[in-house]
Amino acid sequence: MATRRHQEQLETSLAARLAATRKLTLDLAAPLSDADATIQPHPDASPAKWHLAHTTWFFETFILRDHVPGYRLHDERWPFLFNSYYEGEGDRHARPRRGMISRPSLAEVREWRAAVDAEMASALPNLPPPALKLVELGIQHEQQHQELFLTDILATFAENPLEPAYGRLEPAPCHAVEPLAWIAGRDGPVDIGADTGFAFDSERPRHRALLYPHRIANRCVTNGEWQQFIGDGGYSTATLWLSEAWDWLRTEQIERPLYWREDGTHFTLAGRREIDWAAPVAHVSYYEADAFARWAGARLPTEAEWEDAFASSDPMIGHQLDRAAPVLPRAGGGPFGDVWQWTQSAFLPYPGFRPEAGTVGEYNGKFMCGQFVLKGASCATPRGHSRASYRNFFPPAARWQYTGVRLAQDA
C-alpha cells in the first residue's frame, strides 16, 4: 500500500510539473505573431513555432505513440517536419530550412499541443515506469527548448532594422562591481558527475577526476572589464588568439560581443538598451573567452574545477527564468544564473559512459565531438533545471546563447 501511495505521489508531482512546463512554453510564445514565430534567423537557431511543435512531437512520439495502445498521430505528416536529429525516427526536414515551414500555422500548432497535453494527462496514471522516465526526460527537454526559445527570438528580432522588443524590462538597478577575488580550489582526486536524481546520460557515471593546484574567480567577467579588453586592442592582438580563433575573428569581422554597438548600447529582448557595465558579459564565444582569459593573465577553468568549486552551491539561487518575460544578465548573481560559463574542457564521454537505450540515446552522445562544456545556468534557464554536474555544450564559435566567462588560474 505504501509503495502504491508513493507511486501516486510521484505521478501527481510529475503531472503538475508537466502541466507547468507546457504552460510556460505557451506563455513564452504569447507575445508573438505567426510571422514572428516562423522566422529562422540563422541555421543554428530555430523558429519559435518549431520549438512549440518539436517539444510536442517529443511527447507524442516517445510516450503516446510508443506507450499508449491504439494512439493515432495527430497528423502523420508532421513528424517529418518536427523531428530534430533522431536518425532512429527516419528522414526529417533540413535544419537550416526550418524557417520555410509556413504551414502548419501557429494556431494549428497550438491546437496540436492542446490535444497532446490532454492525451498526456489522460495517459499518465496508467503509464509504466519506463514511460514515466521518458516523461521526466521530456520535461527536461522542453525546459532546454524554453531557453533556446528566448535566445532564438532574440536573434530573430536582432535581424529586424526596427529592433522590435519582445517585452519590457525595468532599468538595471545601480550595482557596484564586486571586487574580483580568487577561491582556492582543491588539489588532488575529487568525484564529479551526477549521483542521484535526474541527470542526462552525459553527466554519468560519477567518477574520479584529478585536480592540480588552482584557483577560480568568485564572479564572472563583467561588461566593463570586457570593454577594457576591447580598448586595449584585445580583438586586434593576434598573440591572444588561438590560430583557428584568429581566422574566425578575421573572417567574421568580429570586434565586440554579439549585439553590442560602439555607442555603449546592446540589443536585448527589451530592445536596444545601454550596457550595464557591472553585469556579466554575455554572447561571447569560446574563442573570445579564451582570448580574454589570456589577456587577463588567467585561463578558463576545467569543468572538473568548476564543478568541484560550486558543488555545494544552491542551483536554485541566482538570476534565472521564473516566468514568461524578457531576461538579461544582471550584476550580483552567483555561480548559477545570468550566463553559462565556458570551460576549457571538450564535451567528451566520461569513463564508462553509456547512452540511454533506444532512439533517445541519440540525445547527447552523438554530439561528443567539436564542442566545449559550459557550466552553471543563464538568465534564460528555467529555475531548477540546472545543477553542478550539468554539462551544457556548444561549438567554440557559438555566441547567440547567454554565454560568458569565469576565470581560473594555476596556483
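What volume does the largest cavity have? I began my notebook with this question, and the answer I found is about 170 Å³. I keep in mind throughout that this is a predicted model.

**Entry 1: cavities**

I then looked up what surrounds this space, and found that 17 residues line the largest cavity, with Arg219, Cys220, Pro280, Gly332 and Gly333 the closest to its centre. Counting the cavities of 30 Å³ or more, I arrived at 3.

**Entry 2: the nonpolar core**

Next I turned to the largest nonpolar core, which holds 93 residues, and I noted that Val135, Trp226 and Trp241 touch the most other members. Helix α6, residues 129-158, gives this core its largest share, namely 12 residues. In soluble globular proteins, nonpolar side chains tend to be buried together. I followed valine 135 a little further and, leaving out residues up to four places away in sequence, I listed Leu14, Leu18, Phe59, Ile63, Met120, Leu124 and Leu127 as the residues that it touches.

**Entry 3: the sheet**

In which order do the strands of the open sheet of 4 strands lie? I read the order as β9-β8-β7-β10, and the pairing is mixed. The edge strands are β9 (392-394) and β10 (403-404), each of which pairs on one side only. I looked at β7 with some care: it runs antiparallel to β8, to which 4 bridges join it, and parallel to β10, to which it is joined by 2 bridges. Within the first of these pairings, tryptophan 340 stands opposite glycine 376 in β8, while in the other one glutamine 341 has glycine 404 of β10 as its bridge partner. I also noted that β7 is mostly covered, since 5 of its 7 residues are buried.

**Entry 4: arginine 391**

Is arginine 391 buried or exposed? I found it in the loop between β8 and β9, and its relative accessible area is 4%, so it counts as buried, for which the value must be under 20%. The side chain of arginine 391 makes a polar contact of 2.9 Å with the side chain of glutamate 303. Setting aside residues up to four places away in sequence, I saw that arginine 391 touches a list of residues that includes Ser202, Glu203, Glu303, Tyr350 and Met368, and also Ala346, Val373, Leu374 and Lys375.

**Entry 5: glycine 384**

Glycine 384 is also found in the loop between β8 and β9. Its relative accessible area is 39%, and because this lies between the 20% and 50% limits, I wrote glycine 384 down as partly exposed. Not counting residues up to four places away in sequence, glycine 384 touches Met316 and Gln320. I also looked up its distance from isoleucine 275: the two are 109 residues apart in sequence and 28 Å apart in space, taken from C-alpha to C-alpha.

**Entry 6: glutamate 362**

My last residue was glutamate 362, which lies in the loop between β7 (340-346) and β8 (372-376). Its relative accessible area of 15% is under 20%, and therefore I recorded glutamate 362 as buried. A polar contact of 2.8 Å joins its side chain to that of lysine 366. Which residues is glutamate 362 in contact with, leaving aside its neighbours within four places in sequence? I listed Tyr85, Tyr86, Glu87 and Gly88, together with Phe367.

Definitions and conventions:
Residues numbered from 1 in each chain as written. Predicted model: local features only at pLDDT ≥ 70, side-chain atom pairs only at ≥ 80, totals over all residues. Heavy atoms only, no water. Buried < 20%, exposed > 50% of the residue type's maximum accessible area, 1.4 Å probe, protein only. Polar contact = N/O pair within 3.5 Å; in protein donor to acceptor, adjacent residues only side chain to side chain. Contact = heavy atoms within 4.5 Å. Pairing = 2+ DSSP bridges. Core = buried A, V, L, I, M, F, W, Y, C linked by side-chain atoms within 4.5 Å. 1 Å grid on protein atoms, 1.4 Å probe; cavity = no way out; pocket = protein on both sides within 12 Å on 5 of 7 lines; lining within 4 Å. Points joined across faces, edges and corners; volume = space filled by probe spheres on them.
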